[in-house]
Amino acid sequence: MLAAVIEDRRLVWSNDPDKNLARCSEIKADYVSADKILIPQISSLSPITTALPLVFVLGVTAIKDGNDDYKRHKSDSTVNNRKIEILRTGHWETSTWQEVTVGDIVRIVKDKFVPADVIILATSETDNDCYIETADLDGETNLKKRYACEATRELTEAQLSSMKCEVTCNAPNSKLDEFDGTITVNGEKAAAVGNKNVILR
């Protein structure tokens, strides 16, 4: 699974019920207007008088939607091409966000965004902690303290690169302050992973 961000709307039908309902209402309104054009007997206006506003509204809506999709596509491209360092075969390689996959070990530096939801394996601080800002998630601008997992905080880069690791956690949900999971490193006893060990994108 890649960490690429895709926010632009390329399909008319999506999984969002509200959007689908709104789209159905638009289609219904277009159908009624088209009926009045094609069947002049049910309309007191001429077909041209009914068609011109309909064509104009549909044209403006199509241009606006196309412009919005183009802007979202450009924004997605900018985000997906941000640089990140990934630990591969014992050394750090500079890559892009869209190339980050599940299980990659990434290095996040001060004042930079995170490419995906991550579990903190280690930090450069002596207390194995770090501070994050979650304004994009919950609107809070105060810094929150997070800690590296106990099972991995003392490992070197070489050990991190060669370790066999398995993470088990709860299913994705909308609760930003709840994360329950475990991490197993090199087949040893599973250690707990909580909200204080995670940075959400």
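Reader: What counts as a helix or a strand here, numbered from the N terminus?

Author: Helices are DSSP runs of H or I with at least four residues, and strands are runs of E with at least two. The model is predicted. By that rule, the chain has four helices and 10 strands. From the N terminus on, they run α-α-β-β-β-β-β-α-β-α-β-β-β-β.

Reader: Why are β2, β1 and β3 said to form a sheet, and is the sheet open or closed?

Author: Two strands pair if DSSP finds at least two bridges between them. Six bridges join β1 (residues 83-88) to β2. Six meets the minimum of two, so β1 and β2 pair. The sheet has three strands in the order β2-β1-β3, and it is open. The pairing is antiparallel. One position in the pairing with β2 is Glu85, which stands opposite Thr94.

Reader: What makes a strand of this sheet an edge strand?

Author: An edge strand pairs on one side only. That describes β2 (91-96) and β3 (105-107). Neighbouring strands of this sheet are turned by 40 degrees against each other on average, direction ignored.

Reader: Why is Ala148 called buried?

Author: Buried means under 20% relative accessible area. Ala148 has 0%, so Ala148 is buried. Ala148 lies in the loop between β6 (143-147) and α4 (157-162).

Reader: Which residues does Ala148 touch, leaving out those up to four places away in sequence?

Author: Contact means heavy atoms within 4.5 Å. On that basis Ala148 touches Ile120, Leu121, Ala122, Thr123, Asn128, Arg153 and Asn197. As for Val198, 50 residues apart from Ala148 along the chain, the two C-alpha atoms are separated by 8.4 Å.

Reader: How do you know that the charged end of Arg82 sits over the ring of Trp97?

Author: The rule asks for CZ of Arg within 6 Å of the ring centre and within 35 degrees of the ring normal. The charged end of Arg82 is 4.9 Å from the centre of the Trp97 ring. That value meets the distance cut-off, and the pair is listed as a charge over a ring.

Reader: How many aromatic pairs does the structure hold?

Author: Zero. Ring centres would have to lie within 6.5 Å to pair.

Reader: What do the totals for the chain say about burial and surface?

Author: Of the 201 residues, 24% count as buried. The accessible surface comes to about 14,200 Å², with 56% belonging to carbon and sulfur atoms.

Reader: Of the contacts between residues at least 6 apart in sequence, what share joins residues at least 24 apart?

Author: That share is 43%.

Notes
Residues numbered from 1 in each chain as written. Predicted model: local features only at pLDDT ≥ 70, side-chain atom pairs only at ≥ 80, totals over all residues. Heavy atoms only, no water. Axes fitted to C-alpha atoms, helices over the stretch in contact; angles between N-to-C directions. Buried < 20%, exposed > 50% of the residue type's maximum accessible area, 1.4 Å probe, protein only. Phe/Tyr/Trp six-rings, centres within 6.5 Å; stacked < 30°, edge-to-face > 60°. Areas by Shrake-Rupley, 256 points an atom, 1.4 Å probe, with all protein chains shown as cover.
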